[in-house]
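The following paragraphs accompany a predicted model. Please consult the sequence and the structure while reading.

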Amino acid sequence: MDALLFGLIASSALVIGAWVGSRFQLPKAVLAGMLAFAAGALITALSFELFEDAYEHGGIWRAAVGLIVGALVFTVLSSRLDRLAQGKRKEPEGSEKLDVDAAAQDRAPSAASTSGAAGLALLAAVTLDGVPENVALGVSLGEGTGGLALLAAIFVSNFPEALVGSASMREQGRSRTFILGTWLACAGLLTLAVVLGAGPLSSAAPETLSLPLAFAAGAVLASLADTLMPEAYEKGGPLVALSTTAGFVLSFVLATL
């Protein structure tokens, strides 16, 4: 029940973000601040909730290999999703799948949202790094190690990504029913991932647990470098450093509880 509750809390941000993105537009600076805050929270989570646990369970080599594989898989698939989101455009600019302008009040959406598939590509990317993250959250619950920092990081990263993704879908002409339905399905899948981590995987050998934890850390690290932090800085400028710091501090405090 704890795993189900944590899974619902973490995944609820997807549904809330999708609802907001399908109906409203926000100032660009606010969106950039959300992404930066999420990046700071994820830095703490991947360091102290994911990679450190992977190291303690399986040693440095197993953890390092899992980290590299997770980063490699996310990078390759993320690049393919960017090309999918690019649509008819020939010159990619940044991360095509995370079109912050589609959710901003003062900017026009990119062609990736209006004529491509940016929203669906971002949905796939959220699922790609969300499954190992939520499995890791379930493992931490199954072992009784808390997982509050990871829960907070997942929640604050899910919200702006779902908001931007649903806004891109809206600009492409998708109905609100379609938008909310797809993000709700994603939320359901990620909730099941938490239950899976807290159930069968939590009783696995420590060496076995090390691999999904390290893989999740690598996927999160790649998503930070590939998508969240570059887009936050591009849209918000140097001030996003303060939002990143705030996210890191809050997540670190939760990790010490």
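Apart from its neighbours within four places in sequence, N134 is in contact with A10, S11, I154, L190, A193 and V194. N134 itself lies in helix α4, which spans residues 118-142. Its relative accessibility is 1%, and N134 therefore counts as buried, the cut-off being under 20%. The side chain of N134 also reaches the backbone oxygen of G130, at 2.6 Å.

Several of the residues that N134 touches, including S11, L190 and V194, recur in the packing of two further helices: S11 belongs to the α1 side of that contact, and L190 and V194 belong to the α6 side. Helix α1 comprises residues 2-23 and helix α6 residues 176-198; their axes are 8 Å apart and form an angle of about 165°. Because angles over 145 degrees count as roughly antiparallel, α1 and α6 are described in that way. The crossing of α1 past α6 is right-handed.

On the α1 side, the contact includes A3, L4, G7, L8, L14 and W19, among others; on the α6 side, the participants include I179, L180, W183, L184 and C186. Sorted by class, the contact of α1 with α6 contains 17 nonpolar, four polar and two charged residues.

A second buried polar residue may be examined in helix α7, residues 206-236, where S223 is located. With a relative accessibility of 3%, S223 counts as buried, because this value is under 20%. When residues up to four places away in sequence are not counted, S223 touches F74, D129 and L228.

Conventions: Residues are numbered from 1 along each chain as its sequence is written. This is a predicted model: local features need pLDDT of at least 70, side-chain atom pairs count only at pLDDT 80 or more; totals for chains, interfaces and linings use all residues. Side-chain values use heavy atoms; hydrogens and water are left out. Axes are lines fitted to C-alpha atoms, for helices over the stretch in contact, and angles run from 0 to 180 degrees between N-to-C directions. Helices (H or I, at least four residues) and strands (E, at least two) are DSSP runs, numbered from the N terminus. Angles under 35 degrees count as roughly parallel, over 145 as roughly antiparallel, 65 to 115 as roughly perpendicular and the rest as oblique. A crossing is left-handed if the near helix is turned anticlockwise from the far one by less than a right angle, and right-handed if clockwise. Contact means heavy atoms within 4.5 Å. Ala, Val, Leu, Ile, Met, Phe, Trp, Tyr, Cys and Pro count as nonpolar, Asp, Glu, Lys and Arg as charged, and the others, Gly among them, as polar. Buried means under 20% relative accessible area, exposed over 50%, partly exposed in between (1.4 Å probe, protein chains only). A polar contact is a pair of N or O atoms within 3.5 Å; within protein, one must be able to donate a hydrogen and the other to accept it, and residues adjacent in sequence count only if both atoms are side-chain atoms.
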